[in-house]
Amino acid sequence: MPIDIPEYATPATNRQVLLTTRPDGIPQPEHFTLAEAAVPKPAENQILIRNIYLSVDPAQRGWASAEANYSQPVPLGGPMRALAVGVVIESRADGFRAGDFLYGFFGWQDYAAVGPEAVLHRATENLPLAAFASLAGINGVTAYLALTRLGRPVEGDTLVVSTAAGSVGSFVGQIGKKHGCRTIGITGDDDKVNRCIETFGYDAAINYKSADVAAELDALAPGGVNVYYDNTGGTILDTVLRRMNVGGRIVQCGTASVASWTPPPTGPRNEREIMTRRLVWSGFVIFDHLNIYAEAVGDLARMWAAGDIAYDTDLSSDIAETPGAIAALYAGENRGKKLIFIG
Ligand SMILES: NC(=O)c1ccc[n+]([C@@H]2O[C@H](COP(=O)([O-])OP(=O)(O)OC[C@H]3O[C@@H](n4cnc5c(N)ncnc54)[C@H](OP(=O)(O)O)[C@@H]3O)[C@@H](O)[C@H]2O)c1
């Protein structure tokens, strides 16, 4: 059973954040419209959910765009696709009961009537409710599965992580440390450099906006890099790639620094580095791994209970902040997992 469940009301209307124009790049407040609708009624095999925490995720840039992606673009005029933690108000679907706490694709809105396929996880573990959208959300589960299964860290490895102070990056650093790695984070300001070291246990961290990343890496990792967990792509990736050891692993988890993929951006050619360093460069998308999601949450919840992993939440409590929240995330304003409490 989740703990730290906040009080939540059940209002008579459904506030929604609609995607009303298609962004070219990072979604801005003007691409969304706040609206109110009737509370939906669940159809047969659906559940009615009252959202409590709305999640803000970098992936929403891709979901809102018309660019070819691993998912269909969010329909214009509909509620913005978003993960959320909510509680079941009414169930017309087998296996769900009023009072169940769930995490899934419930959208930026007060209420969602959805089928079971929208649910990613049933929040049963003894974790604070908000943790189901951070540690036990796609952020923690991605960090855990992608690092351990694709990065395959071993004792003594040097692990470099980009967006290191963010939600995914903070978990990658902590899990890498547990595997005996020397951990080096890359992040966007000095306060986040401190958070990486003080809060998330990184051995060292680099401010990529003010430092010479190549020179810093040469100084901090004179023996080279074994595992690079990449959330940014772009010039940071190009810089780390040229410091990888033979047999190194690159986990491609995100591309936050690339403004647009249409047309494909140009940069240094990397194929010779991949060949001569015999690198394994693997892509990861969490939605391919939903069959082991609950198992991964179980592992993460045990780590949290043992005091082996910490998480940080950047919480707002006004749905009116939601339209600007993706842009704020890309501007690096968040300190921890960005959530909006709307209960
Ligand atoms: N593949 C998957 O299945 C999967 C699942 C979840 C998340 N992800 C990816 O994991 C990454 C982190 O996600 P998160 O939810 O934990 O977000 P987050 O790190 O908490 O927030 C995003 C961070 O990205 C950094 N950033 C933004 N623009 C940047 C740029 N131009 N260059 C370098 N860094 C930039 C900012 O941090 P700084 O201040 O440090 O720049 C910002 O705080 C994202 O790339 C996301 O797409 C992938």
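**Exercise 1. The ligand and its polar partners**

Find which side-chain atom of N334 lies 2.7 Å from an oxygen atom of the ligand, polar or nonpolar, in this predicted model.

*Solution.* Start at N334: a polar atom of its side chain sits 2.7 Å from a ligand oxygen. Next, go to T187, where an N or O atom of the side chain is 2.8 Å from an oxygen atom of the ligand. Then look at V168, which takes part through its backbone: a polar backbone atom there is 2.7 Å from a ligand oxygen. Finally, consider how much of the ligand is covered. Taken alone, the ligand exposes 910 Å², and the protein buries 89% of that.

**Exercise 2. The shell around the ligand**

Work out how many residues surround the ligand, and which helix gives the most to this shell.

*Solution.* Begin with the count: 26 residues surround the ligand, and the closest are V168, K192, Y208, F284 and N334. Now sort the shell by class, which gives 11 nonpolar, 14 polar and 1 charged residues. Then turn to the helices. At least two shell residues come from each of α2, α3 and α9 (325-330). Of the shell residues, 3 come from α2, which gives the most.

**Exercise 3. Helix α3, inside and out**

Check the span of helix α3 (residues 167-178) against its number of residues, then decide why the helix counts as largely enclosed.

*Solution.* Take the span to begin with. At 1.5 Å a residue, the 12 residues of α3 should span 16 Å, and the end C-alpha atoms are 17 Å apart, which agrees. Now turn to burial, for which the cut-off is under 20% relative accessible area. In α3, 10 of the 12 residues are buried, so the rest of the structure largely encloses this helix. Among the buried ones are V168, F171, V172 and I175. What lies over them? The cover includes helices α2 (138-151) and α8 (293-305), together with strands β8 (158-162), β9 (182-187), β11 (225-230) and β15 (337-341). To finish, walk past the end of the helix: α3 is followed by G180, with a positive phi near 85°.

**Exercise 4. Two residues to classify**

Decide whether T142 and D100 are buried or exposed, and list what each one touches.

*Solution.* T142 is found in helix α2. Its relative accessibility is 6%, so T142 counts as buried. Leaving out residues up to four places away in sequence, T142 touches L147, Y229, C253, F284 and I286. One of these, F284, is also among the residues closest to the ligand.

D100 lies in the loop between β4 (83-91) and β5 (101-105). With a relative accessible area of 13%, D100 is buried too. Outside the residues up to four places away, D100 touches G86, V87, V88, G95 and R122. The side chains of D100 and R122 are joined by a polar contact of 3.0 Å.

**Exercise 5. Backbone angles to look up**

Find where D4 and T163 are found, and what the omega of the T262 to P263 peptide bond is near.

*Solution.* Keep the usual pattern in mind: most residues other than glycine have a negative phi, and most peptide bonds are trans. D4, in the segment before β1 (13-19), has a positive phi near 50°. D4 is exposed, with a relative accessible area of 56%. T163, in the loop between β8 and α3, has a positive phi near 45°. T163 is partly exposed, at 29% relative accessible area. Last comes the bond from T262 to P263, which is cis, with omega near -5°. P263 lies in the loop between β12 (244-252) and α7 (271-276).

Methods: Residues are numbered from 1 along each chain as its sequence is written. This is a predicted model: local features need pLDDT of at least 70, side-chain atom pairs count only at pLDDT 80 or more; totals for chains, interfaces and linings use all residues. Side-chain values use heavy atoms; hydrogens and water are left out. Helices (H or I, at least four residues) and strands (E, at least two) are DSSP runs, numbered from the N terminus. The expected span of a helix is 1.5 Å times one less than its number of residues. Buried means under 20% relative accessible area, exposed over 50%, partly exposed in between (1.4 Å probe, protein chains only). Contact means heavy atoms within 4.5 Å. A residue is near a molecule or strand if one of its heavy atoms lies within 4 Å of it. A polar contact is a pair of N or O atoms within 3.5 Å; within protein, one must be able to donate a hydrogen and the other to accept it, and residues adjacent in sequence count only if both atoms are side-chain atoms. Accessible areas come from the Shrake-Rupley method with a 1.4 Å probe; for residues, only the protein chains shown count as cover. Ala, Val, Leu, Ile, Met, Phe, Trp, Tyr, Cys and Pro count as nonpolar, Asp, Glu, Lys and Arg as charged, and the others, Gly among them, as polar.
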